[in-house]
Amino acid sequence: MRIAVIPGDGIGQEVVAAALPALDLVAEIFDLDATVEQFDWGADRWLRTGVGLPEGAVAQLRAEFDAVLLGALGDPRIPDMAHGRDILLGLRRGLDLCVNHRPLPLATGTIELFRENTQGLYAGVGGTVGPPDRPTVAIDECVYTRDTVQRFLRYSLGRIRDAGQRRVTLVHKANAVPHTGRLWRELYAAELAAFPELDGTDEYVDAFCYHLVRDPGRYQGVVAPNLFGDIISDIGAALLGGLGLAASASICPQARLALFEPVHGSAPDIAGTGVANPYATVLCLALMLDHLGHRAPADALRAALAAARAEGGTPDVGGHDTTSGFMTRVLAALRHQHHRARPREV
Ligand code: NAD
Ligand code: IPM
Ligand code: MN
């Protein structure tokens with residue numbers, strides 16, 4: 001496995017540095033060959049050189065790597081997040097990662113949340129009218145293509161079925177946003193026809209958010225356009241117990257190369273204090289191993305996270321651990337499982 005690592009900014013760097021030893025250890029235990037190459041794309045480089053996603057980066061990732069791990073982007077010195085859009089949205093679009101899987105393993109059951117990841121309000125279509133510094137009109141268009149919505153739905157519904165879920169909900173706002181809303185509903189109905197195992201329904205995003213908070217057990221599979229999926233995933237993270245626990249996989253249905261990143265951002269409010277929660281980043285490694293076909297080491301990482309969390313946690317989840325203190329627990333749990341799994345010969 002050749003893994004490109006983009007630590008990014010703020011706590012992105014901290015959680016990635018903390019989590020990578022778990023990859024090394026699990027690779028050693030399961031005899032996997034994992035090589036890691038780091039890329040310094042982020043705020044410092046942007047401010048120094050004006051370059052966000054370097055020329056040729058997408059082609060290089062495609063040619064040389066099996067997966068990408070990204071920490072987070074975002075820096076108070078770049079308030080409009082121009083570098084973040086260039087790098088993060090550039091990678092999502094450039095690698096055609098139109099599916100973003102953000103699983104929510106809740107006590108009431110796991111919600112398999114799938115977010116479209118490249119279009120909608122993130123299509124980058126828009127502009128202003130009038131003076132650039134004081135526009136009279138500002139426009140960000142919501143753009144969806146039949147091809148992308150179809151590929152997204154087909155792949156996501158397949159994954160939801162394969163996860164053993166029966167119910168699936170399309171989240172939309174077709175009452176107020178009719179053109180893209182109609183396209184989504186049409187394609188949803190058409191794609192669902194190929195999945196007789198799935199019981200499909202749809203809800204307006206406002207009502208969906210209301211029910212999600214009050215009764216998360218109501219949902220199993222969820223498919224959502226880009227911005228709705230973004231917002232839903234932070235609500236979901238709150239239900240999980242915090243943003244530090246939520247992981248994601250950005251996937252292209254037509255390619256193996258995928259990108260894994262925690263749902264959270266660079267958290268400037270706690271960056272540098274050593275207490276960022278690395279849980280979501282370790283969980284990203286598990287999603288990555290799953291994606292690359294290494295189920296047992298992925299399960300071992302998840303079990304180690306659960307064991308570590310039962311003993312402690314960082315302050316965001318009510319514990320007193322530092323980032324490295326929590327990782328000490330994760331690594332110990334991994335070693336412990338390993339010794340139990342393979343008792344020494346006598
Ligand atoms: P955020 O997710 O960075 O932080 C929200 C809150 O959650 C903060 O109080 C933060 O301390 C806490 N938090 C987040 N992750 C945590 C963790 N691992 N451990 C402990 N606490 C954690 O959201 P924000 O403050 O709105 O955004 C900060 C910057 O990050 C902005 O520049 C934003 O654009 C960017 N951002 C980037 C990504 C990404 O790279 N994928 C995602 C979201 C936000
Ligand atoms: C996320 C983030 C990004 C998004 C931002 C930083 C562009 O919030 O990954 O959830 O909206 O997709
Ligand atoms: Mn988000």
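Begin by selecting strands β4 (residues 99–106) and β5 (residues 109–116) in this predicted model; together they form a hairpin, with 2 residues between the strands. Their pairing is antiparallel and extends over 8 bridges. To see one such pair, display Pro103, whose bridge partner in β5 is Glu112.

Keep β5 selected and colour it by burial. This strand is mostly covered, with 6 of its 8 residues buried. Next, add strand β10 (residues 221–224), which runs parallel to β5 and is joined to it by 4 bridges. Here Arg115 stands opposite Ala224 of β10.

**The whole sheet**

Now extend the selection to the complete sheet. It is open and has 10 strands, in the order β2-β1-β3-β12-β11-β4-β5-β10-β8-β9, and its pairing is mixed. At the edges stand β2 (35–38) and β9 (199–204); each has a single partner strand, so one side of each lacks a neighbour in the sheet. From one strand to the next, the twist averages 25°.

Within this order, select β11 (residues 247–251) and β12 (residues 258–262). These strands run antiparallel and are joined by 4 bridges. Ala249 has Phe260 of β12 as its bridge partner.

Two helices can then be added against the sheet. Helix α6 (residues 178–192) packs on it, touching β8 (167–172) and β9, and the direction of α6 makes about 165° with that of β8. Helix α7 (residues 205–214) also packs on the sheet and touches β8 and β9; its direction makes about 105° with that of β9.

**Helix α1**

Select α1 (11–29) next. A rise of 1.5 Å a residue predicts a span of 27 Å for its 19 residues, and the end C-alpha atoms lie 28 Å apart, which agrees. The buried residues of α1 include Ile11, Glu14, Val15, Leu20, Leu23 and Val26. After the helix comes Asp31, which has a positive phi, near 55°.

**The two ligands**

Centre the view on ligand 1. Its shell consists of 22 residues, of which the closest are Gly74, Gly244, His264, Gly265 and Asn277. Both α1 and α4 (82–94) contribute to this shell, each with at least two residues. By class, the shell contains 11 nonpolar, 8 polar and 3 charged residues.

Finally, move to ligand 2. Which residues surround ligand 2? Display Gly84, Leu88, Asp230, Val263 and Gly265 to see them. This shell divides into 2 nonpolar, 2 polar and 1 charged. Gly265 is therefore worth labelling in both views, as it is listed among the closest residues to ligand 1 and in the shell of ligand 2.

Terms used: Residues are numbered from 1 along each chain as its sequence is written. Chains are lettered from A and ligands numbered from 1 in the order in which they are written. This is a predicted model: local features need pLDDT of at least 70, side-chain atom pairs count only at pLDDT 80 or more; totals for chains, interfaces and linings use all residues. Two strands pair if DSSP finds at least two bridges between them. Axes are lines fitted to C-alpha atoms, for helices over the stretch in contact, and angles run from 0 to 180 degrees between N-to-C directions. Two residues are in contact if their C-beta atoms, placed from the backbone, lie within 7 Å. A residue is near a molecule or strand if its C-beta atom, placed from the backbone, lies within 6 Å of it. Ala, Val, Leu, Ile, Met, Phe, Trp, Tyr, Cys and Pro count as nonpolar, Asp, Glu, Lys and Arg as charged, and the others, Gly among them, as polar. The expected span of a helix is 1.5 Å times one less than its number of residues. A residue is buried if 20 or more other C-beta atoms lie within 10 Å of its own, exposed if 12 or fewer, and partly exposed in between; C-beta atoms are placed from the backbone.
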